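Here are a few notes to read alongside the model, written for someone opening it for the first time. Have the structure in view and follow the points in order.

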Amino acid sequence: MFASFSFPNNLVGVWKAGFTLSKRLFLSFFFILFCLFPLQAQTGNAAAFAGILNERGHFNPAWGKPADLYVGIPALSGISAKVDNNFLSWNSAVIRTGGDSLLLNVPGILDKTRGDYARVRVEAEVELLHVGWRKRRNYFQIGLSAYTGMQLVLSKESLSFLLQGPGPQTGKRRLDGNRLDFESYASLYFSYARKLNRRLRVGGRFKILQGLWNVHVPDLQLVYDAKPSVDGDSPLLESVRIQGSALTNFPLDNALQLGDLRFYPFRNLGAALDVGLSYDFKENWNFSAALLNLGFLVWGDPSAKEFKADKSYATFLYEGINTEYLNKENGDWAKDLIRSIWDTAGFACSDSGAYVRVLPARFNLALSYTVDERHCFGLLFQAELYNRYFAPELGISYTFTPCEHFALAFSNTFSRGHWLNLGIFAVARFGPVQLHLGVDRLNAERIGDMQTAQVNFGLNFIFDRKTKGWNADVW
């Protein structure tokens, strides 16, 4: 038997009298998305609609806080770390045996892979210096930040072949779409936003980039012809050919020996631009759009090289990755494993000299509805184009702002295979100090089952006159 209950009469009256039909439809659609609808996405952020937060400008440079002046505490103004992947977790990848040793769980890894590609993305960013100020309808920011990001994309067939060989598959097969990117750089930026009228705000951010380290593998391809074995065991690989290229400024030689890491100021330079707009198209309704990371980096230091692989193998038996590396008690097994893959691929230096890499471009669209300046319901669609991999994403959030010094936000991100990715974010002000802290995109109760997670933290000093209302978009 199911219990039933009715809404209090006063709550029903508020719903009927306080909201028009269009508002009720929007809120109904919002809660349906929040609870039921499984869309493909990878990232959402509960902080996007926290109006009193200084760092909202990272989503859209047209968004700004109306404080007269704020100064970020060096290296603590904004810290963000994110892990995002669609197949890998500790508990699915590793089995602990009775002897307390760890074994690679190949079936578990392949079972968790969703879609045609297995993707791992790791990012970390820190604000080293950050200052913002407002003058009438103009809002300015300057800052210095450091960024490191890595993305590995493998086709599902390539991952299966790497872990367990050709398996029962025979015949000619081509495995492509395997990509790797690693990028680390510092960014000196200047941001400007202006309120053109009571509805429209526009903004832009110009960034000068100093590259630190880079690895770019655009497409590693493997073509093989598997024949049934005579004894009925795993198929024999009658022919294998590996092709691809790798651009990097790590001081590597053909044996994957890493030389001395050096920093070359003004040798790896680039620039990028962020642009955005925010429009209040109706009372309490806001639409915004932004294009981010439109830029490039020229890697021109003396270590910049191109490695190429074009290697063929005759008949041999391959039954999957050599898991003996994982069972070594001593030695650098990870380095040995990477070196074996590098050597098998046959990478050799083909050219030394500068090369250009385009940054991963992003865009976002946001729609929000605010009730009584305290309750904000938001939809945030984001997408990223990274090394020919298109990553769309949808996040929804509810932000409660009971006063001008505190906001609490809850979010969910819908992703393929993981419709529940929760986040919580809080920002509070104590005198001149503003603190924000949040965790986002948590999709499991236990840490060992997590496939995605994001952490945000920051401390800022704020100096301003009396704020006009609790909504940060009044400037």
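1. Start with D274, and keep in mind that this is a predicted model. D274 is buried, at a relative accessible area of just 3%. That value falls below the 20% cut-off, so D274 gets the label "buried".

2. What does D274 pair with? One partner is K207: their side chains form a salt bridge, at 3.4 Å from N to O. D274 sits in strand β10 and K207 in strand β8, so this contact joins distant parts of the chain, 67 residues apart. K207 is buried, just as D274 is.

3. R205 is also bonded to D274 through a salt bridge, and here the closest N and O atoms are 2.6 Å apart. Strand β8 (residues 200–227) holds R205, while strand β10 (residues 268–282) holds D274, so the bridge ties together parts that are 69 residues apart in sequence. R205 is buried too, with a relative accessible area of 5%.

4. Now for a pair in another setting. R374 and D372 have side chains that meet in a salt bridge, 2.8 Å from N to O. R374 comes out as partly exposed, at 27% relative accessibility. D372 reaches 51% and counts as exposed; the line for that label is drawn at over 50%, so D372 passes it.

5. How many salt bridges does the structure hold? The count is 18. Some residues are joined into a network of salt bridges: K82, D84, R119, R121, E123, R362, E384 and R441. If you want to colour something on the model, that set of residues is worth picking out.

6. Finally, turn to the surface. Which residues form the nonpolar patch there? They are L188, F206, I208, L273, V275, L291 and L294, and together they have about 580 Å² of accessible area. Strands β8, β10 and β11 (285–299) each contribute at least two residues to this patch. So the two strands that carry the D274 pairs turn up again here: β8 and β10 both supply patch residues, with R205 in β8 and D274 in β10.

7. For a single patch residue to look at, try L294. This leucine belongs to the nonpolar patch and lies in strand β11. Is L294 buried or partly exposed? L294 is partly exposed, with a relative accessible area of 38%.

Technical notes
Residues numbered from 1 in each chain as written. Predicted model: local features only at pLDDT ≥ 70, side-chain atom pairs only at ≥ 80, totals over all residues. Heavy atoms only, no water. Salt bridge = Lys/Arg side-chain N within 4 Å of Asp/Glu carboxyl O. Helix = DSSP H or I, 4+ residues; strand = E, 2+ residues; numbered from the N terminus. Buried < 20%, exposed > 50% of the residue type's maximum accessible area, 1.4 Å probe, protein only. Patch = residues over 30% accessible without salt bridge, like charges linked within 9 Å, V, L, I, M, F, W, Y side chains within 5 Å. Areas by Shrake-Rupley, 256 points an atom, 1.4 Å probe, with all protein chains shown as cover.
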